[in-house]
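User: I've got a structure open and I'd like to go through it with you, question by question. Ready when you are.

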Amino acid sequence: MSSDTNFLNKAIDIVKQATEQDEAKNYAEAYKLYMHSLDWFTTAMKYEKADKTKLMIKSRIMEYLMRAEQLKEHLEKNKVERKTKVSAGGARSSSPVNGAGAAAELDDDDRKRMDSLASSIVLEKPNVKWDDIAGLYEAKECLKEVVVFPIKCPHMFESGRQPWKGILLYGPPGTGKSFLAKAVATEISSTFFSISPSSIMNKYQGESERMVKQLFDVARAKGNSVIFIDEVDSLCSSRTDQESESSKRVKAEFLTQLEGVGNDTDGILILAATNFPWMLDIAIQRRFEKKIFIPHPDIHARAQMFQGHIERIPNSLSSEDYLKLAQMTEGYSGSDIRNACKDANMQPIRLVQRATHFKKIQAPSREDPAILAEYFTPCSPGDDEAIEMTWMDQEGSKLKEPFVTFNDCVRSLKNIKRSFNPKDLDKYLEFTREYGENGM
């Protein structure tokens, strides 16, 4: 049995004990066991390789953390009630919570609760460097100014100079907002939280705003934290009379927490991304001190993107070819270019599938490039060395696909259209003129 399975089994055993104590109304003991199980669940998730199992463990962590939070509030409420009755001269009433001194121990376990929440939502550092992001020089410099400098040179921020506390990245879909957040996560040594609306919203009354509070509590406890909120407009859109009370409470809690971070907590950056900045509640907008427009890539960035996506695949493209492709893709987003390159990289594979004739060639061996090996590659039926066959007639390891060519890319661009209507750009430009700055 693997060690990660041992961790998970241990967590399950402890949580069984917790639920037994919970059902028996031994709430203090149940709370301690729930918190103890979270440590084991967190360790199991750290070493687990299977994505599905990781998701299962994460859902269990959130479920039991929520129950532990409910028990904590119950215990603290009973503690306050007992103090009130004693100070008023009343008799000490019996409590449904076993262990009179247990509530006093809750503060000692608070950091454990926070660490468990943090471990359940913090992503592993992605391998995205600043240089991996084409263009967006102003946006990158701003994020370096906010994230890297205060950590690397804290002495520069000791005499009244304060880094930005809230940054909103906005722009059309696929322009690199989340990619910038990944670069921040890669570059910093502090805690990085990546939050989506689905990880916050809960069908049970009061749970969503409690989750928001817990998130910020964890960030404050850890310090030097970055909270990235993707699709923040889904969580904090403009308030209306028609929206639910739950949605209003979540926004109110966000406003409270964002204001707190901005005024009295050092070392925490709120980084958010949205495709629809004009849909954000005006009070939420105000909390973000910097609003940076992430536009479609310019011609030089597009050329760099084409090269970055294709150069690792055997190809015959030159620097001039990449520039020509960039000239042909005005208005394409970064994700549009990525999709076009993925399609172009598949063109040689399709040629192998369709080919009716192959010929033998000598090429560097896949196992040892210093040695030449014999392969079969597609060719014209009129080629002097053509052999009539299909790719199914030859061993797979003996087949070699042709290079990706400029024409392959052009052919793919005919199929992969830009996903953004240029007419919609006016909304972003108007918002930028009123509130933001350009991240190019």
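**Loops, strands, helices and salt bridges**

Analyst: Let's start with a loop residue: E231 comes out as partly exposed, at 43% relative accessibility. Keep in mind that this is a predicted model.

User: Where does E231 sit, and what is its phi?

Analyst: E231 belongs to the loop between β3 (225–229) and α9 (232–235). It isn't a glycine, yet its phi is positive, at about 50°.

User: And L136, is that one buried or exposed?

Analyst: L136 is in the loop between α4 (106–121) and α5. Its phi is positive too, near 55°, and it is a residue other than glycine. Buried means under 20% relative accessible area. L136 has 4%, so it counts as buried.

User: How many residues of β1 are buried?

Analyst: Strand β1 covers residues 166–170 and is mostly covered. G166, L168 and Y170 point one way, while I167 and L169 point the other way. That fits the general pattern, because side chains in a regular strand alternate between the two faces of the sheet. Both sets are buried, which gives five of five.

User: Which residue in β4 is the bridge partner of G166?

Analyst: β1 and β4 run parallel and are joined by five bridges. G166 is in the set of β1 residues that also has L168 and Y170. Its bridge partner in β4 is I270.

User: Then what does Y170 partner in β5?

Analyst: β5 takes in residues 290–293, and it pairs with β1 in the parallel sense over four bridges. The bridge partner of Y170 there is F293.

User: What is the order of the strands in the open sheet with antiparallel pairing?

Analyst: The edge strands are β7 (372–378) and β8 (387–388), since each pairs on one side only. β6, residues 357–364, pairs with β7 in the antiparallel sense over seven bridges. With three strands in this open sheet, the order is β7-β6-β8.

User: Which residue in β7 stands opposite I361?

Analyst: The pairing to look at is β6 with β7, which is antiparallel. Opposite I361 you'll find Y375.

User: How far does α14 reach from its first C-alpha to its last?

Analyst: α14 runs over residues 334–354, 21 residues in all. At 1.5 Å a residue the expected span is 30 Å, and the model comes close to that. The reach is 30 Å.

User: At which residue does α14 bend?

Analyst: The bend is about 30°. A proline, P348, follows within four residues of the bend. Both Q347 and P348 are among the buried residues of α14, along with others including I337, A340 and V352. The residue at the bend is Q347.

User: How many residues apart in sequence are the parts tied together by D22 and R67?

Analyst: The side chains of D22 and R67 meet in a salt bridge at 2.7 Å, N to O. D22 is in helix α1 (residues 3–23) and R67 in helix α3 (residues 51–87), so the pair ties together parts that are 45 residues apart.

User: Is D22 buried or exposed?

Analyst: Its partner R67 counts as partly exposed, at 26% relative accessibility. The relative accessible area of D22 is 11%, and the cut-off for buried is under 20%, so D22 is buried.

User: What separates K144 from E141 in α5?

Analyst: Their side chains meet in a salt bridge at 3.5 Å, N to O. K144 is partly exposed at 26% relative accessibility, and E141 is partly exposed as well, at 47%. Both lie in helix α5 (residues 137–152), and what separates them is three residues, about one turn of the helix.

User: D408 and R411 pair up too. What relative accessibility does D408 have?

Analyst: The side chains of D408 and R411 meet in a salt bridge at 2.9 Å, N to O. They are three residues apart in helix α15 (residues 406–415), so about one helical turn separates them. R411 counts as partly exposed at 41%. D408 counts as buried, at 10%.

User: How many salt bridges does the structure hold?

Analyst: The pairs covered here include D22 with R67 and K144 with E141. The structure holds seven.

User: Last one: how much accessible area does the patch of F276, W278 and M279 have together?

Analyst: W278 lies in the loop between β4 (268–274) and α11 (282–287), and it is partly exposed at 30% relative accessible area. F276, W278 and M279 form a nonpolar patch on the surface. Together their accessible area is about 260 Å².

Terms used
Residues are numbered from 1 along each chain as its sequence is written. This is a predicted model: local features need pLDDT of at least 70, side-chain atom pairs count only at pLDDT 80 or more; totals for chains, interfaces and linings use all residues. Side-chain values use heavy atoms; hydrogens and water are left out. Patches are made of residues with over 30% relative accessible area and no salt bridge: like charges are joined within 9 Å, nonpolar side chains (Val, Leu, Ile, Met, Phe, Trp, Tyr) within 5 Å. Accessible areas come from the Shrake-Rupley method with a 1.4 Å probe; for residues, only the protein chains shown count as cover. A salt bridge is a side-chain nitrogen of Lys or Arg within 4 Å of a carboxyl oxygen of Asp or Glu. Helices (H or I, at least four residues) and strands (E, at least two) are DSSP runs, numbered from the N terminus. Buried means under 20% relative accessible area, exposed over 50%, partly exposed in between (1.4 Å probe, protein chains only). Two strands pair if DSSP finds at least two bridges between them. The expected span of a helix is 1.5 Å times one less than its number of residues. The bend at a residue is the angle between axes fitted to the seven residues ending there and the seven starting there.
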